[in-house]
Structures are given as C-alpha cells and as structure tokens.
Amino acid sequence: MTDARVLVDDEGTPRQTASRSRTVLDLVTYRTTRKLFRMWVPFWLLVGGIAVWLARGPLELVLGAVYGIAVYSLVEYLMHRFLYHWEPENRFVRFITADVGRHHMRHHREPSDYKAAINAVQTPVVILCAVLALAVLVMPQPLKAAWLISVVSGSMNYVAQELVHFGTHHMRMTSGLLNVVKRHHMLHHYRNENANFGLFWTFWDRLLGTSYEQVARRETRRRADKS
Ligand SMILES: [Zn+2]
Ligand SMILES: [Zn+2]
Ligand SMILES: [Zn+2]
C-alpha cells in the first residue's frame, strides 16, 4: 500500500496515512500505544500480583494463564467473525455493541490509516476485565489465582494482538512466524473477508473451517455445483 493521501481529522489537523513502513519505535511512541500501556500495566501488576500471592503453586498459574489465552483468543475470533463485520443501523444496537462493527469496517475500507489499526477505545475493555477480576475475588470459588491470572493473560493476549495487528499493516514483518501472521491477515483484507478471522492464533480458523484455503475450496465447490 503506497497511499500518500493526507486526511484531516476531527480537530482539523492533517493526518498522514501510511506512506512508509513504521518501526517499533514509531509504534511505542504513538499516543494510542502509550495510553494502552498506561491503562493496562497497572491492571496487570495489581491483578497479577494478587494472583501470585494467592497461588498455591506455579502449576496453578501456568494452567490459568494458558486457559486465559485460549478462551480470550477464541472470543476474539468469534467476535471478529460474527460481530465486527456487521454494521447495524439501529442506534440502540450500535450503542450496546460499542459500534465495533463500524470501527472495524472503517479499518477495512481504509487499512492504510495507521491510527485505526489499534483500538483507541480501551476503557470499556479495562472495566470489563476489572469487573471479572473483582467477581473472582468476591465469589467463594476455588482456584482464585488461576482465574485471576487468566484475566491477566487474556488481556495481555488482547493488547499483544492490537500491536501485532498494527504491525501486519504498517511494519515490515519478514521473519518466519511474523510473516505467516502478516500473510494470514492480509488475505483477510485483500482476498476474502469471509476467511482468516484469527490474528496470530491462526489455528482457530483451521479448526473452525474459516482458513483462506478452506473457504476458497468451499467457494470453488459451490460454483462448480451451480454450473
Ligand atoms: Zn475484519
Ligand atoms: Zn481488525
Ligand atoms: Zn487489519
């Protein structure tokens, strides 16, 4: 993408669209990225600290962390597949879905806008995770440490995903695994929006039948059946 148009944002200041590759330094100095870390790092330290303090052994923490990543990445996959590509007109529906569909489809219409690659609305997600953590603390359930660390690892997975998502669009990702992730997401944008909903845990697509290859094969078969 060599789109060098200059757009004007809400405050009237021109904003540069992607006309060059971004670097890791660019990424960590963006206001959105810094805001992301300002909100999440204290949360991780606090909740992670309580989890370590309550844990009866390292195994409880490891299993809880793995569980959190598995569940969170599946939820993200399902939301991308069934919610993000949906742009409801109804204002109430738009409100309760935090208008994510509109935000996401704007990103699809203009993937070169680097600011849209990271979700700037983080507060509801932090509040949701804080409520989850509080519920775990208040409710009389066993394995509190595992539950708490799952909220931490799940939200870390989420933040990592936001940053890697930025990378797939705006950074040179040429090393083995990163290149696989970039290719996976570029196919979602530029070849088939009904495939490749996962970001770096690409196995969800293969497992649930939405990998680019699987969808292409199905579409070819359907076309063959019709003719
Ligand atoms: Zn999408
Ligand atoms: Zn996205
Ligand atoms: Zn994208």
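The legends below describe close-up views of a predicted model.

**View 1. Zinc ion (ligand 1) and its protein donors.** The donors are the NE2 atoms of His80, His85, His104, His108 and His188. These atoms lie 2.1 to 2.2 Å from the zinc ion (ligand 1). Along the chain, the donors follow the spacing H-x4-H-x18-H-x3-H-x79-H. The zinc ion (ligand 2) is separated from the zinc ion (ligand 1) by 5.1 Å.

**View 2. Accessibility of the zinc donors His80 and His85.** Both residues bind the zinc ion (ligand 1) through NE2. His80 has a relative accessibility of 5%, so this residue counts as buried. His85 reaches 22% and therefore counts as partly exposed, because the buried class requires a value under 20%.

**View 3. Nonpolar patch on the surface.** The patch consists of Tyr67, Val71, Val75, Met79, Leu143 and Trp147. Together these residues have about 490 Å² of accessible area. Helix H3, which spans residues 58-84, gives the most to the patch, with four residues.

**View 4. Trp147 in the nonpolar patch.** Trp147 lies in helix H7, which covers residues 144-170. With a relative accessible area of 34%, Trp147 is partly exposed. Among the other members of the patch are Leu143 and Met79.

**View 5. Arg31 and Ala120.** Arg31 is placed in helix H2, made up of residues 31-54. The relative accessible area of Arg31 is 69%, so this residue is exposed. Arg31 and Ala120 are 89 residues apart along the chain, and 9.5 Å separates their C-alpha atoms.

How values were computed:
Residues are numbered from 1 along each chain as its sequence is written. Chains are lettered from A and ligands numbered from 1 in the order in which they are written. This is a predicted model: local features need pLDDT of at least 70, side-chain atom pairs count only at pLDDT 80 or more; totals for chains, interfaces and linings use all residues. Side-chain values use heavy atoms; hydrogens and water are left out. Patches are made of residues with over 30% relative accessible area and no salt bridge: like charges are joined within 9 Å, nonpolar side chains (Val, Leu, Ile, Met, Phe, Trp, Tyr) within 5 Å. Accessible areas come from the Shrake-Rupley method with a 1.4 Å probe; for residues, only the protein chains shown count as cover. A salt bridge is a side-chain nitrogen of Lys or Arg within 4 Å of a carboxyl oxygen of Asp or Glu. Helices (H or I, at least four residues) and strands (E, at least two) are DSSP runs, numbered from the N terminus. Buried means under 20% relative accessible area, exposed over 50%, partly exposed in between (1.4 Å probe, protein chains only). Donors are N, O and S atoms within 2.8 Å of the metal (3.2 Å for Na, K and Ca); water is not among the atoms, so sites may look incomplete.
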